[in-house]
Amino acid sequence: MIPPPKALIAEITHRCPLHCVYCSNPLEMGKVELSTDTWKRVIAEAAELGCWHLHLTGGEPLARKDTEQLVSAGREAGLYVNLITSGLGLTAERLESLVKSGLDHVQLSFQDSREESGNLFAGTRSHAIKLEVAERIRKHRLAFTVNMVVHRGNLDHLEELIALAETLGADKLEIAHVQYYGWAFENRERLLPTRAQLDASIAMVEVARERLKGTMRIDFVAPDYYAKYPKACMNGWGQGLMLIDPAGRVMPCHAAGIIPGLRFPSVEEMSLSSIWESSEVFSRFRGDAWMQEPCRSCERKTIDFGGCRCQAMLLTGDAEATDPTCSKSPMRHLVDKIIGDVGHAALPVPTTDWVYRINPTN
Amino acid sequence: MKPLTVASRPALRAGCRLSPASNPESLLLIPEGALRLHGPSRKILELCDGQRSVDEITIELGQTFPSADRERMGAEVTGFLQRLQEKGAIELL
């Protein structure tokens with residue numbers, strides 16, 4: 001018996017008013033979206049399967065008109081409902097109706113502490129709107145998380161970023177270093193921090209955590225290119241999470257679409273429980289039978305599960321390889337070369353020639 | 001962090017709630033996940049309404065579990081609530 005997933009990540013649309021240069025959505029996105037009724041059924045199936053949390057995300061989940069109905073469906077099924085939003089479209093009226101529908105938690109993204117560069121990284125004039133939205137959120141009884149993706153271009157503002165989250169009254173601040181998939185992979189050379197920036201960010205977070213104990217919690221996601229061992233990606237393939245894309249394809253993570261040969265079943269053809277328990281794609285990298293050396297005989301294989309399959313694919317061309325961010329990987333030199341090229345000095349932030357995320361085209 | 005005493009009046013923080021009674025599992029749902037509630041822990045949290053003090057919660061709990069040792073129960077309630085305070089699941093009013 002495979003333990004059930006704890007959370008369903010529902011990417012209800014890939015439409016988004018922002019064009020963030022590190023968006024984790026795939027490079028090619030379709031316009032096909034599941035109907036309201038199908039999402040309601042799927043949400044009920046997720047609760048039945050044993051999920052605790054429903055994360056409504058996108059794209060921008062508020063780009064759909066039925067977000068409130070999906071929040072209600074989550075609450076009725078007994079799930080904890082989280083909205084992951086850019087804030088654009090979160091008017092006072094919309095927020096009110098989301099709260100009435102049973103929303104538990106809002107996660108609001110910021111691209112920088114400063115308006116000009118925030119708008120640059122988002123590819124949209126959005127920073128000022130986000131500040132207003134944060135104030136609106138705080139008027140309701142909701143858990144409120146501020147999420148900030150950090151990289152070479154905004155890491156030197158980390159102190160300001162933390163102060164901004166405090167001013168906004170967040171319960172939690174998530175500081176996430178860019179992970180290099182999707183659009184971030186396209187912009188990697190301009191986003192990768194220097195080692196000095198990374199070390200400074202770790203030290204600063206530690207001090208802030210101590211100071212803010214009991215008022216605002218800080219989650220920190222490190223950039224794995226600089227790590228000694230890979231991240232325990234998704235806590236193991238097909239272990240705790242399932243993700244459904246706007247068209248209804250069920251996936252073990254955001255990026256799995258880049259691995260050739262995987263077929264993602266649709267919620268229109270199979271139940272969530274049969275996809276979770278018996279589909280080929282969810283079994284593909286469960287356990288350790290698929291592992292190569294050095295993972296297969298490594299004592300850390302139960303800690304990090306060989307790292308990230310998508311990263312192995314992206315960097316080595318082999319999804320079964322040890323994640324090359326691991327110091328034991330025979331391909332670690334690929335990662336060392338990439339971070340070596342960044343050099344030691346933080347370069348000025350380029351203002352042009354970014355690859356911006358675009359909206360679904362086909 | 002405010003120190004928790006017998007006079008503190010704990011309440012669940014915004015965005016933290018008990019799973020519906022109809023759920024097969026009894027859980028405290030929080031933004032990052034959920035905690036499985038065993039023994040009297042659900043009852044304790046039901047009493048955390050921001051009105052009752054930790055002392056009053058212990059007394060009421062004693063009525064539900066009359067055979068329990070009062071002093072030991074007090075220490076357990078305090079310890080349990082302290083852990084939840086550290087996780088950011090409760091606040092003291």
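Relative accessible area sorts residues into buried (under 20%), exposed (over 50%) and partly exposed (in between), with a 1.4 Å probe and protein chains only. The structure is a predicted model, in which local features need pLDDT of at least 70, side-chain atom pairs count only at pLDDT 80 or more, and totals for chains, interfaces and linings use all residues. Residues are numbered from 1 along each chain as its sequence is written, chains are lettered from A and ligands numbered from 1 in the order in which they are written, and side-chain values use heavy atoms, with hydrogens and water left out.

**View 1. Helix α2 of chain A and its surroundings.** Helix α2(A) covers residues 67-76 (helices are DSSP runs of H or I with at least four residues, strands are runs of E with at least two, and both are numbered from the N terminus). Its buried residues are T67(A), E68(A), L70(A), V71(A), A73(A) and G74(A). These buried residues pack against α1 (36-49), β2 (53-57), β3 (80-85) and α3 (92-101) of chain A (contact means heavy atoms within 4.5 Å). G78(A), just after α2(A), has a positive phi of about 95°.

**View 2. The crossing of α2(A) and α3(A).** The two axes come within 8 Å and cross at roughly 20° (axes are lines fitted to C-alpha atoms, for helices over the stretch in contact, and angles run from 0 to 180 degrees between N-to-C directions). α2(A) and α3(A) are therefore roughly parallel to each other (under 35 degrees counts as roughly parallel, over 145 as roughly antiparallel, 65 to 115 as roughly perpendicular, and the rest as oblique). The crossing is right-handed (the near helix is turned clockwise from the far one by less than a right angle; anticlockwise would be left-handed). From α2(A), the contact involves T67(A), E68(A), V71(A), S72(A) and R75(A); from α3(A), it involves R94(A), S97(A), L98(A) and S101(A). By class, the residues of this contact are 2 nonpolar, 4 polar and 3 charged (Ala, Val, Leu, Ile, Met, Phe, Trp, Tyr, Cys and Pro count as nonpolar, Asp, Glu, Lys and Arg as charged, and the others, Gly among them, as polar).

**View 3. The packing of α2(B) on α3(B).** In chain B, α2 (residues 54-64) and α3 (residues 70-86) pack at an angle of about 125°, and their axes are 10 Å apart. That angle makes α2(B) oblique to α3(B). The crossing is right-handed. α2(B) contributes V54(B), I57(B), T58(B), I59(B), L61(B) and G62(B) to the contact, while α3(B) contributes R70(B), M73(B), G74(B), V77(B), T78(B) and L81(B). The contact of α2(B) with α3(B) has 7 nonpolar, 4 polar and 1 charged residues.

**View 4. Salt bridges in chains A and B.** The count over all chains is 31 salt bridges (a side-chain nitrogen of Lys or Arg within 4 Å of a carboxyl oxygen of Asp or Glu). R211(A) and E166(A) form one of them, at 2.8 Å from N to O. This pair joins distant parts of the chain, with R211(A) in helix α9 (residues 195-211), E166(A) in helix α6 (residues 158-168), and the two positions 45 residues apart. R211(A) is exposed, at 52% relative accessible area, and E166(A) is partly exposed, at 32%. R64(A) bridges to D66(A), with the closest N and O atoms 2.7 Å apart. R64(A) is buried at 6%, and D66(A) is buried at 7%. In chain B, R52(B) pairs with E60(B), the closest N and O atoms being 2.5 Å apart. R52(B) is partly exposed at 24%, and E60(B) is partly exposed at 27%. Salt bridges with shared partners join R15(A), E33(A), R64(A) and D66(A) into one network.

**View 5. H151(A) in its loop.** H151(A) is in the loop between β5 (143-150) and α6 of chain A. Its relative accessible area is 0%, so H151(A) is buried. Leaving aside residues up to four places away in sequence, H151(A) touches Y22(A), F121(A), V178(A) and L191(A).

**View 6. Backbone features in loops of chain A.** The peptide bond from G58(A) to G59(A) is cis, with omega near 15°, and G59(A) sits in the loop between β2 and α2. A cis peptide bond also runs from E293(A) to P294(A), with omega near 5°; P294(A) lies in the loop between α11 (280-283) and α12 (301-304). M234(A), which is not a glycine, has a positive phi of about 55° and is found in the loop between β7 (217-221) and β8 (241-244). N235(A), not a glycine, has a positive phi of about 55° and is found in the loop between β7 and β8. M234(A) is partly exposed at 22%, whereas N235(A) is exposed at 55%.
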